[in-house]
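Okay, everyone, let me put the model up on the screen. Have a look around it for a moment, and then I'll walk you through a few spots.

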Amino acid sequence: MCDQTFMAATFGPCDSCSKPSPLMNIYIKNEATNYCSLCVEMMACQGLQKGETLESLKRESETLKKKLEEERNKLNDVELHQVAEKVEVLSALSIKTRRVLKGHGNKVLCMDWCKDKRRMVSSSQDGKVIVWDAFTLNKEHGVPLPCTWVLACAYAPSGCAIACGGLDNKCSVIPLSLDKNENLAAKKKSVAMHTNYVSGCSFTNSDMQLLTSSGDGTCALWDVESGQLLQSFHGHTADVLSLDLAPSETGNTFVSGGCDMKANVWDMRSGQNIQSFESHESDINCVKYYPSGDAFASASDDATCRFYDLRADREVAVYQKDSIIFGASTCDFSLSGRLLFAGYNDYTINVWDVLKGTRATILFGHENRVSRVRVSPDGTALGSASWDSTLRVWA
Amino acid sequence: MSGSANVVAMKKVVQQLRLEAGINRVKLASTISQPQVSQAAADLQQFCLQNAQQDPLLTGMSSSNNPFRPQKVCSFL
């Protein structure tokens, strides 16, 4: 199970006893306060002595959840696919494999596109991170890492660096150089330190900050230059498997999904959990924002992908079929948001019509689980990584 | 030994429940001002349709435009 000892984020005077000590960032009546751990313990103890038992708190929590459901159901007048009935049915899609990138020795676990729309970075179970030119199939850089199972990799917005992490509990940033002879592994810099594996990483709008999610149940925001922890995000009760940043330039939120079946939306500046969605029936493997930033999709081991609207604060669509029984491990939207590409453990990529809730087509080709799908920045192609040790570009 | 561990665990649960109750109270308050699902869905649909023409995977691209599609044979001028 996950290790949640990763708690103290700041050091300073406690808000209640004024003694300088490691502080815990907690919320009392929706206000953020910093208490030292002693005061937190005393407060939790005091709460019990005033007649509140564990059972009464649980009951309060349950009644609040029920009231919330009732209120939400009053507002739920219509489903997304009903609203979209008048929309034209999609014409047949002609998406086929255009490139197969071979070179990894073992399962490819993650991939990401560069903003220049042609380069990709991929990471594998064999501990290697490779930067490819997808047009020419050229391998531009190859970095061997000391640990196996590099679960996450990401390209910096400038295209000058990559980040990768995994079972080593760290996320490192590697600057890319044009000099082919340079030893990139030597320039690797550890930025993020977690107490369990790193499952996902992403640069924010600049090269200077890195957001990571981890098996220790937390997400964290790091300063790349100093390696300092800028903000930590607590709230998941199990491993966090995926995260995605909101697309807007000024956006300061991100969504994360994990093994506790919850998808949480966070404010990056305050560290607060703004919204939480719990309707999946198994681990959420991947979360991805809709291009407009008002909604997000999630892919889960329960063989469904679900679509949540942030303003309506509820699930608005479920993408499932009786014939699909294998878990979905990844998902991504096309540029307009009309198509949802989801990679499954039955080696296929299902393409869903987001508005109508139907499956548009299936992409066959991989010979093992699809671990990651990503649409290129200009929307011209779909990149996919698989446990069959290859990557494919579909267009 | 196990007694003190139970107390610690219980305190953690109490803290977690308090946090959850706090989040739920905020959500309950905000349901009053929430847009209807039909409005939110209509907005999503509008975004899709507005951007549909700029979506290459949706509309399909000819071989000459798409950098990934196999090109016809180049001839030297």
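Let's start with A:Met261: is this residue buried, partly exposed or exposed? A:Met261 has a relative accessibility of 29%, so that's partly exposed. Here buried is under 20% relative accessible area, exposed is over 50%, and partly exposed is in between, using a 1.4 Å probe and protein chains only. You'll find A:Met261 in the loop between strand 18 (253-258) and strand 19 (263-267) of chain A. What catches my eye is its phi, near 70 degrees, a positive value in a residue other than glycine.

Quick housekeeping: this is a predicted model, with local features needing pLDDT of at least 70 and side-chain atom pairs counted only at pLDDT 80 or more, while totals for chains, interfaces and linings use all residues. Residues are numbered from 1 along each chain as its sequence is written, chains are lettered from A and ligands numbered from 1 in the order in which they are written, and side-chain values use heavy atoms, with hydrogens and water left out.

A:Asn169 also has a positive phi, near 65 degrees, and is not a glycine either. It sits in the loop between strand 10 (161-165) and strand 11 (170-175) of chain A, and at 23% relative accessibility A:Asn169 counts as partly exposed.

Now a loop residue with another story. A:Asp216 is in the loop between strand 14 (209-214) and strand 15 (218-223) of chain A, and its relative accessibility is 0%, so it counts as buried. How far is A:Asp216 from A:Ser177 in space? They're 33 Å apart, C-alpha to C-alpha, with their positions 39 residues apart in sequence.

Stepping back to the chains. Chain A has 3 helices and 31 strands; those are DSSP runs, H or I of at least four residues for helices and E of at least two for strands, numbered from the N terminus. Of its 395 residues, 55% count as buried. Chain A exposes about 16,600 Å², and carbon and sulfur atoms supply 50% of that; the areas come from the Shrake-Rupley method with a 1.4 Å probe, and for residues only the protein chains shown count as cover. An automatic or database domain assignment splits chain A into domain 1 (11-72) and domain 2 (94-394), with their C-alpha centres 34 Å apart.

Chain B has 3 helices and 0 strands, so to speak α-α-α as you read along the sequence. It has 77 residues, of which 34% count as buried. Its accessible surface comes to about 4,900 Å², and 60% of that belongs to carbon and sulfur atoms.

Where do the chains come together in the story? Look at the largest nonpolar core, which has 30 residues. A core here is a set of buried Ala, Val, Leu, Ile, Met, Phe, Trp, Tyr and Cys residues joined through side-chain atoms within 4.5 Å. Among the residues with the most contacts inside it are A:Leu80, A:Tyr290, A:Cys305 and A:Leu340. Several elements give two or more residues, including strand 23 (305-309) and strand 26 (339-344) of chain A and helix 2 (37-51) of chain B. Which one gives the largest share? That's helix 2 of chain B, with 5 residues. In soluble globular proteins, nonpolar side chains do tend to be buried together.

Let me stay with A:Cys305: leaving out residues up to four places away in sequence, it touches several others, among them A:Ala317, A:Leu340 and A:Tyr344, where contact means heavy atoms within 4.5 Å.

That brings us to strand 26 of chain A, where 6 of 6 residues are buried. A:Leu339, A:Phe341 and A:Gly343 point one way, and A:Leu340, A:Ala342 and A:Tyr344 the other. Strand 26 pairs antiparallel with strand 25 over 5 bridges, pairing meaning that DSSP finds at least two bridges. A:Asp332 stands opposite A:Phe341 there. On the other pairing, strand 26 meets strand 27 (residues 349-353), again antiparallel and over 5 bridges, and A:Leu340 has A:Trp352 as its bridge partner. The hairpin of strands 26 and 27 of chain A has 4 residues between the strands, and A:Tyr347 takes a positive phi near 80 degrees.

Last thing, disulfides, meaning cysteine sulfur pairs within 2.5 Å: a search of the whole structure finds 0. A:Cys147, for one, has its nearest cysteine sulfur, in A:Cys164, 8.0 Å away.
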